[in-house]
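Hi,

Here is the structure I promised to pass on. Have a look at it first, and then read on for my notes.

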Amino acid sequence: MTKRIFRAIFIVSFGVFFASLLLFLTVLYDYFSGVQQHQLRIQTDLAAQGVQDEGIVYLERLSVQKTRITWIAQDGSILYDSASDKGAMENHLERAEVKEALLNGYGTSSRYSTTLTERYLYSAKRLSDGSILRLSAAQYSLLVLVLGMLQPICILFAAAAALSAILAYRIAKNIVKPLNELDLDEPMEYSGYDELAPLLRRMRAQQGKIRRQERELEQKKKEFDTLTCAMTEGLILLNAQGTILSINRAAQKLFATDCFCIGTDIQTIHDSKELAQLLERAESGGYTELRMCRDERIYQVEASPVVSQGAVSGIVLLLLDITEKEKSEQMRREFTANVSHELKTPLHTISGSAELMADGLVKPEDIAVFSRRIYRESQRMIRLVSDIIKLSHLDEGGADLKREMVDLYELADETRRLLLAEADKAGVTLTLTGSTAHVCGIRQLLSGMIFNLCDNAVKYNRKGGFAALEVTEEESYYVLSVTDSGIGIPKEHQERIFERFYRVDKSHSKEIGGTGLGLSIVKHAARLHGAEIMLQSDVGQGTAVRILFAKGSHGL
């Protein structure tokens, strides 16, 4: 703005100077022309008086260099001329100054030379005998005078240009200075130019509107950031060119990046052909998705185009961690297959035994044996169905089960007495040590936990072995321990024994009537109580299971 004001003032001031100079020269030229014309008339009067007194002798005796004297007869012929041969000169009767002098007694005129570089002034006077005496003098034209004064005029122009530039700079600076001092945050406090008041009022109104919009946008941004940061799903917002506009923490963690990736292309944080194809389909305006494996996790990536005014202006990427879902689906399929397999064997046994008995192919003395087999297999099915029902109930969270203060030691003692007969039959010593430990929990689930652990300690033991229950109190926990001297669990199986239907030795488990769900029930019950399970086992040395109940915890 300062440059434009400077340029405008400089051009105007220099233009005014040039026009003034031109006008001054023109006026001055006209003034001196008038002065010269007046002097020429005086000289004409003097010369006319001399001619009337002395005649042509006066003219011949007169020595003139810059003024030309011509004596013209009444008929226009030349009587005398100081510059040319009178015989070679044409008739002057038609000259303007001569005609005017014949008519009025005195005449003047001016004419330019053929080169336009000189102007001739003429002054003519009628004498008493009717003849005309004319004097003429040469005068340079205005252009020639200007060219003759070119050096001082150039100096004057340079000085005028410098002065115009200085004045233009100072004036432009003074004009812009109040504008530069304008406080845009408080425009109404400005007192420089009254003409800006309507603009300043509008600015204040616009600023108020902008501030309200900024607050609203900031609030919405905070809400959006809070929402997206709390999301476990990854969320990435892209523009139509694939540049990252926003990325939440879950997505940053997934792609091992940070918020500084905003403004870069999505391919810089994850370059894959599948993702490029996904974005290409989204840019065409269609919803699409793909599955992506990263760091041993499975993610479902969903791309949704953002359409504005009929064109795709952005893309929303949603990254869902479906690893647990896939695992749950796999476990469900395995569970269904295992249940079917576990039920098929006893059903075939029961069906086969019943068919033999119905067809009369069983001897009377063997009916008791087949009946016991049918009873044993049906009991096995009942236990299996019962355990499945328990697990299903635990999967649902056991919300309908009542919580109360339970003494673990008392519950362990009740369980020990229930299993004493089975332990004696297996040749295993079952003992209980410890002290009272009250926890808030579900009695029947806690009882089932202890029963399954003790039952396994007896079943998978050896004759003459032991199974020891212990309830102790530590600084932050109540600890329930079940230790046995049984067959132990190999290291490669220890991480999976709490899975449903997982058996280390399937043939031995079926011989002793296990369903393969006992430890799975223990794991789910411990999770509902917020307890931690610790396992230590060596093959041939026995197994120790410790369940830690946090003091003051009511579980999940």
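Which residue lies over the face of Tyr-106? That one is Arg-41, and the distance from the ring centre is 3.8 Å. Before you go further, please keep in mind that this is a predicted model.

There is another contact of this kind. Arg-111 sits over the face of Tyr-122, at 4.0 Å from the ring centre. Arg-111 also turns up among the charged pairs, which I come to below. As for rings paired with rings, the count of aromatic pairs in the structure is zero.

Next, the nonpolar core. The largest one has 38 residues, and the members that touch the most others are Leu-408, Leu-446, Leu-469 and Phe-549. Quite a few elements give two or more residues to this core: helix 11 (408–426), helix 12 (443–459) and helix 14 (518–528), along with strand 12 (429–434), strand 14 (466–473), strand 15 (477–484) and strand 17 (542–550). Helix 12 provides the largest share, with eight residues. As background, nonpolar side chains tend to be buried together in soluble globular proteins.

Some nonpolar side chains are on the surface, though. Phe-24, Leu-28, Tyr-31 and Phe-32 make a nonpolar surface patch of about 430 Å². If you want to find it, start from Phe-24 in helix 1, which covers residues 2–54. Is Phe-24 buried or exposed? It falls in between: Phe-24 counts as partly exposed because its relative accessibility is 49%, and the range for that class runs from 20% to 50%.

Now for the charged pairs. Side chains of opposite charge can pair when their charged atoms come close. How many salt bridges does the structure hold? The total is 13, and here are a few of them.

Arg-416 and Asp-413 form one, with 3.4 Å between the closest N and O atoms. Both residues lie in helix 11, and they are three residues apart, or about one turn of the helix.

Glu-473 and Lys-551 form another, at 2.7 Å from N to O. This pair links distant parts of the chain, since Glu-473 is in strand 14 and Lys-551 is in the segment after strand 17, 78 residues apart. Glu-473 is partly exposed, with a relative accessibility of 47%. Lys-551 is partly exposed too, with a relative accessible area of 33%.

Then there is the salt bridge between Asp-538 and Lys-491, at 3.9 Å from N to O. Here again distant parts of the chain are linked: Asp-538 belongs to strand 16 (residues 532–538), while Lys-491 is in the loop between strand 15 and helix 13 (506–511), and their positions lie 47 residues apart in the count. Asp-538 is partly exposed at 36% relative accessible area, whereas Lys-491 counts as exposed because its relative accessibility is 59%.

Back to Arg-111, as promised: salt bridges that share partners join Arg-111, Glu-97 and Arg-134 into one network.

Finally, here are three pairs of residues whose C-alpha distances I noted.

- Leu-254 is in helix 7 (residues 249–254). Leu-254 is buried, with a relative accessible area of 8%. From Leu-254 to Asp-321 it is 67 residues in sequence and 9.8 Å in space, C-alpha to C-alpha.
- Ile-247 is in strand 7 (residues 244–247). With a relative accessible area of 7%, Ile-247 is buried. Ile-247 and Asp-225 are 22 residues apart in sequence, and their C-alpha atoms are 9.4 Å apart in space.
- Lys-125 is in strand 4 (residues 118–126). Lys-125 counts as partly exposed, at 26% relative accessibility. Lys-125 and Gly-107 are 18 residues apart in sequence, and their C-alpha atoms are 6.6 Å apart in space.

If you have time for a single stop, I would open the view on Arg-111, with the face of Tyr-122 under it and the network with Glu-97 and Arg-134.

Cheers

Conventions. Residues numbered from 1 in each chain as written. Predicted model: local features only at pLDDT ≥ 70, side-chain atom pairs only at ≥ 80, totals over all residues. Heavy atoms only, no water. Phe/Tyr/Trp six-rings, centres within 6.5 Å; stacked < 30°, edge-to-face > 60°. Lys NZ or Arg CZ within 6 Å of the ring centre and 35° of its normal. Patch = residues over 30% accessible without salt bridge, like charges linked within 9 Å, V, L, I, M, F, W, Y side chains within 5 Å. Areas by Shrake-Rupley, 256 points an atom, 1.4 Å probe, with all protein chains shown as cover. Salt bridge = Lys/Arg side-chain N within 4 Å of Asp/Glu carboxyl O. Helix = DSSP H or I, 4+ residues; strand = E, 2+ residues; numbered from the N terminus. Buried < 20%, exposed > 50% of the residue type's maximum accessible area, 1.4 Å probe, protein only. Core = buried A, V, L, I, M, F, W, Y, C linked by side-chain atoms within 4.5 Å.
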